[in-house]
Amino acid sequence: MFRFRVSRLVAGKGVRVKVGRELSRAGVKRALLITGVNTGKTAFCRDVVECMENEGIELSIWDGVRNEPDEATVNAGYSFAREKDVDAIVAFGGGSVMDTAKLVNLCLALKGRLEQVVNSIPPALTLKPMFAVPTTFGTGSETTCAAVVKINGVKRGILHESLLPDFAFVDWEIKAPKSVAASAGMDAVMHAFEAYTCISSDKIEGGIYSGSSEVTDTLALKALKMLRHLPEYVNNGSKAREIALGSNMAGMAFGNAGVHFGHAASYAISAKCDAPHGVCVASVGQALLEWLKNLDEVRDKAEDVESIVNINELRREVGLPSLSELGIGREDVEFLVEKTMEVKRLIAMRPEIGRKDAGEIFTSALEY
Ligand SMILES: [Fe+2]
């Protein structure tokens with residue numbers, strides 16, 4: 001059995017100016033816009049603010065999101081939000097902004113700071129409606145039930161059905177800086193690749209991540225075909241539609257199927273170096289793909305991926321470093337294996353990869 005959950009999607013060039021109308025139609029009178037300090041200053045953000053004001057929506061703005069949010073970031077947003085009596089949350093930004101907005105919304109519903117509420121989220125919970133406008137194309141957070149946050153210095157993925165935004169506005173006129181577009185885009189490639197090659201939904205008793213199915217496979221494959229244009233997008237700004245929709249569809253795929261070793265490894269790598277999530281996860285991509293070709297159950301799928309994209313070439317063409325260029329060496333492999341295997345929820349999505357295999361994957365990734 002599997003479930004399939006995605007946000008309602010509004011996609012197109014310039015759709016950021018439709019946010020106000022949609023809020024109005026949902027009966028929203030007072031909204032909280034959550035964004036980052038720089039993103040909040042862009043003309044794109046002003047467009048969103050304006051279209052809400054034109055609808056007569058009373059707006060509060062909190063631009064305190066930092067990259068790689070932690071409990072302090074979320075709690076600061078919560079303190080701001082609980083003073084305002086809003087009936088919807090609008091997130092305008094990349095993964096960090098959308099994830100923070102989801103968790104602020106969670107704290108509002110459960111009336112507590114993040115660390116007080118996060119370990120006891122009731123199964124049935126309804127949050128305030130959330131409208132997500134991604135400004136980077138990669139995390140897919142606009143259409144997933146996941147939020148990543150650092151708690152006590154440890155990065156952790158929080159999964160709950162209530163965290164799924166109600167609406168995703170995917171507007172490919174919105175542009176991010178080149179290096180951000182590159183790492184976010186490679187994150188999306190890894191989402192599609194890992195969703196496609198994760199355990200089948202009929203082999204696990206799934207939670208939010210319920211394994212791959214015909215539905216997620218179709219989305220993941222199409223996403224990969226669109227995302228292979230990433231170098232054109234990063235290097236000359238073309239193919240924006242392909243990257244924006246490819247990233248969203250990769251989000252739909254992994255948000256339901258799951259991700260596995262690459263994402264577990266990325267948590268371990270980010271404990272060793274300060275690189276963005278997309279950089280960490282892409283640095284093991286090719287080695288993981290090669291390893292999967294030896295596994296009967298998933299060989300055909302790994303070959304499908306290989307016939308569409310060369311992950312290592314893609315990574316190089318968009319200017320992202322290899323694992324060794326991140327300053328990781330053979331002496332770190334044991335640590336990485338240890339930390340990766342601790343991410344049991346993701347390891348369970350491709351359980352054949354044991355400690356020895358993990359070591360092999362990291363060692364071979366150091367050769368790229
Ligand atoms: Fe990711």
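**Entry 1. The hairpin of strands 6 and 7**

I looked up Ile151 first and found that its bridge partner in strand 7 is Val154. The model I am reading is predicted. Strand 6 covers residues 146-151, and 6 bridges join it to strand 7 in an antiparallel arrangement. I then followed the chain through the turn: strand 6 and strand 7 form a hairpin with 2 residues between them. One residue in that turn, Asn152, has a positive phi of about 50°.

**Entry 2. The open sheet**

I next traced the parallel sheet. I recorded 6 strands in the order 1-8-5-4-2-3, forming an open sheet. Which strands are the edge strands? I noted strand 1 and strand 3 (58-65), each of which pairs on one side only. From one strand to the next, the twist averages 20°.

Within this sheet I examined the pairing of strand 4 with strand 5. Strand 4 spans residues 88-93, strand 5 spans residues 130-134, and 5 bridges join the two in parallel. I located Phe92 opposite Val133 in strand 5. For reading the side chains, I kept in mind that in a regular strand they alternate between the two faces of the sheet.

**Entry 3. Helices lying across the sheet**

I asked which strands helix 3 lies across. Helix 3 (residues 71-83) lies across strand 2 (30-36) and strand 3, and I read its angle to strand 3 as about 160°. Helix 9 (residues 240-257) lies across strand 1 and strand 8 and runs at about 155° to strand 8.

**Entry 4. Helix 3 with helix 4**

I turned to the packing of helix 3 on helix 4, which comprises residues 95-110. Their axes come within 9 Å and cross at roughly 55°. That angle makes helix 3 oblique to helix 4. I noted the crossing as right-handed. From helix 3 the contact takes Thr73, Val74, Gly77, Tyr78, Ala81 and Arg82. These meet Thr100, Leu103, Val104, Cys107 and Leu108 in helix 4. By class I recorded 7 nonpolar, 3 polar and 1 charged residues in this contact.

**Entry 5. Helix 6 with helix 9**

I returned to helix 9 to see how helix 6 (residues 178-197) packs on it: the axes come within 8 Å and cross at roughly 40°. Helix 6 and helix 9 are therefore oblique to each other. I entered this crossing as left-handed. Helix 6 contributes Gly185, Ala188, His191, Ala192, Glu194 and Ala195. On helix 9 I listed Ile243, Gly246, Ser247, Ala250, Gly251, Ala253, Phe254 and Ala257 as the residues they meet. The contact divides into 8 nonpolar, 5 polar and 1 charged residues.

**Entry 6. Helix 7 with helix 9**

I also checked helix 7 (residues 214-227) against helix 9. These two pack at an angle of about 150°, with their axes 8 Å apart. The angle makes helix 7 roughly antiparallel to helix 9. Helix 7 passes helix 9 in a left-handed crossing. Which residues of helix 7 make the contact? I found Thr216, Leu219, Ala220, Lys222, Ala223, Met226 and Leu227. On the side of helix 9 I found Glu242, Ile243, Leu245, Gly246, Met249, Ala250, Met252, Ala253, Asn256 and Ala257. I recorded a division into 12 nonpolar, 3 polar and 2 charged residues for this contact.

**Entry 7. The two domains**

Finally I looked up the domain assignment, which gives domain 1 (8-170) and domain 2 (178-365). Their C-alpha centres lie 25 Å apart. How many residues of domain 1 are in contact with domain 2? I noted 18 residues of domain 1, in contact with 22 residues of domain 2. The elements giving two or more residues to the side of domain 1 that touches domain 2 are strand 1 (8-11), strand 7 (154-159) and strand 8 (167-170). By class, I entered 8 nonpolar, 7 polar and 3 charged residues for that side of domain 1.

Methods:
Residues numbered from 1 in each chain as written. Predicted model: local features only at pLDDT ≥ 70, side-chain atom pairs only at ≥ 80, totals over all residues. Domains from an automatic or database assignment. Contact = placed C-beta atoms within 7 Å. Helix = DSSP H or I, 4+ residues; strand = E, 2+ residues; numbered from the N terminus. Nonpolar A, V, L, I, M, F, W, Y, C, P; charged D, E, K, R; others polar. Pairing = 2+ DSSP bridges. Axes fitted to C-alpha atoms, helices over the stretch in contact; angles between N-to-C directions. Parallel < 35°, antiparallel > 145°, perpendicular 65-115°, else oblique. Left-handed = near helix turned anticlockwise from the far one by under 90°.
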